Amino acid sequence: MEPSAQRLRCFIVDDSVGFLDAGRELLERQGIVVVGVASTSAAALRGVAELRPDVTLVDIELGAENGIELAERLLRHGGAVILTSARAEQDVADMVAASHAMGFLSKSALSSSAIRELLAAEDHREPLSGPRET
């Protein structure tokens, strides 16, 4: 099966129950398996550790919690982390650039194809350092 045809396993972290429901419905309709959702950092850490999704979407503004800090912690579990926000990309660009997340998606641009494009772009990046094969 080609990577683009694989059923991606996704976990969504957001403090808005409405977005969790809408995001799950949208992505599942578009062929992504949403294996879990969480609205707090603690629940997200437990869920991602247990379910091992391919990609985790994390809201930058996670209520009283910090989505950027959560993203950094989630990266230790493996899988890709994509930051999300209702704010425009230019409004959060510095925070996203300072993080180790693989990218950013505005909530209004959320789609299966947008996630797959970010994953494909990450797969084709040259390593910044380390030995090169000769």
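Modeller: Before we start, helices (H or I, at least four residues) and strands (E, at least two) are DSSP runs, numbered from the N terminus. Also, this is a predicted model.

Biologist: Fine. Where does K107 lie?

Modeller: Look between two numbered elements, one a strand and the other a helix spanning 112-123. K107 is in the loop between strand 7 and helix 5.

Biologist: Which residue forms a salt bridge with K107, with the closest N and O atoms 2.6 Å apart?

Modeller: K107 touches several residues beyond its sequence neighbours, including F19, T84 and D14. A salt bridge needs a Lys or Arg side-chain nitrogen within 4 Å of an Asp or Glu carboxyl oxygen. At 2.6 Å between the closest N and O atoms, the partner of K107 is D14.

Biologist: Are D14 and K107 buried or exposed?

Modeller: The cut-off for buried is under 20% relative accessible area. Both residues of this pair fall in that class: D14 and K107 are buried.

Biologist: How many residues apart in sequence are the parts that this pair ties together?

Modeller: D14 sits in the loop between strand 1 and helix 1 (17-29), while K107 is in the loop between strand 7 and helix 5. The pair therefore ties together parts whose separation in sequence is 93 residues.

Biologist: Which residues do shared salt-bridge partners join into one network?

Modeller: K107 also has a side-chain polar contact with the side chain of D59, at 3.4 Å. Salt bridges with shared partners make one network of D14, D59 and K107.

Biologist: What about R87, which residue does its side chain meet in a salt bridge?

Modeller: The N to O distance is 2.6 Å for R87 and E61. This pair links distant parts of the chain, with R87 in the loop between strand 6 (80-85) and helix 4 (89-98) and its partner in strand 4 (residues 61-62), 26 residues apart. R87 is partly exposed at 32% relative accessible area, and at 36% relative accessibility so is its partner, E61.

Biologist: Now the sheet. What is the strand order?

Modeller: It's an open sheet of five strands with parallel pairing. Strand 2 (33-38) and strand 7 (103-106) each have a single partner strand, so they stand at the edges. Reading across, the order is 2-1-3-6-7.

Biologist: Which residue in strand 3 stands opposite V13?

Modeller: Strand 1 (residues 9-13) pairs with strand 3 (residues 55-59) in the parallel sense, over four bridges. Opposite V13, in strand 3, is V58.

Biologist: And which strands does helix 2 touch as it packs on the sheet?

Modeller: Helix 2 covers residues 41-51, and its direction makes about 170 degrees with that of strand 1. In packing on the sheet, helix 2 touches strand 1, strand 2 and strand 3.

Biologist: What is the phi of R52 near?

Modeller: R52 is in the loop between helix 2 and strand 3. Most residues other than glycine have a negative phi. R52 isn't glycine, yet its phi is positive, near 50 degrees.

Biologist: Last one: how wide is the arc that the buried residues of helix 3 cover around the axis?

Modeller: At the start of helix 3, a side-chain oxygen of N66 comes within 2.8 Å of the backbone nitrogen of I68. In helix 3 (residues 67-75), the buried residues are G67, I68, L70, A71 and L74. They lie on the same side of helix 3 because the arc they cover is only 160 degrees.

Key. Residues are numbered from 1 along each chain as its sequence is written. This is a predicted model: local features need pLDDT of at least 70, side-chain atom pairs count only at pLDDT 80 or more; totals for chains, interfaces and linings use all residues. Side-chain values use heavy atoms; hydrogens and water are left out. Two strands pair if DSSP finds at least two bridges between them. Contact means heavy atoms within 4.5 Å. Axes are lines fitted to C-alpha atoms, for helices over the stretch in contact, and angles run from 0 to 180 degrees between N-to-C directions. A polar contact is a pair of N or O atoms within 3.5 Å; within protein, one must be able to donate a hydrogen and the other to accept it, and residues adjacent in sequence count only if both atoms are side-chain atoms. Buried means under 20% relative accessible area, exposed over 50%, partly exposed in between (1.4 Å probe, protein chains only). The arc is that of the directions from the helix axis to the C-beta atoms. Lists of a residue's contacts leave out its neighbours within four places in sequence.
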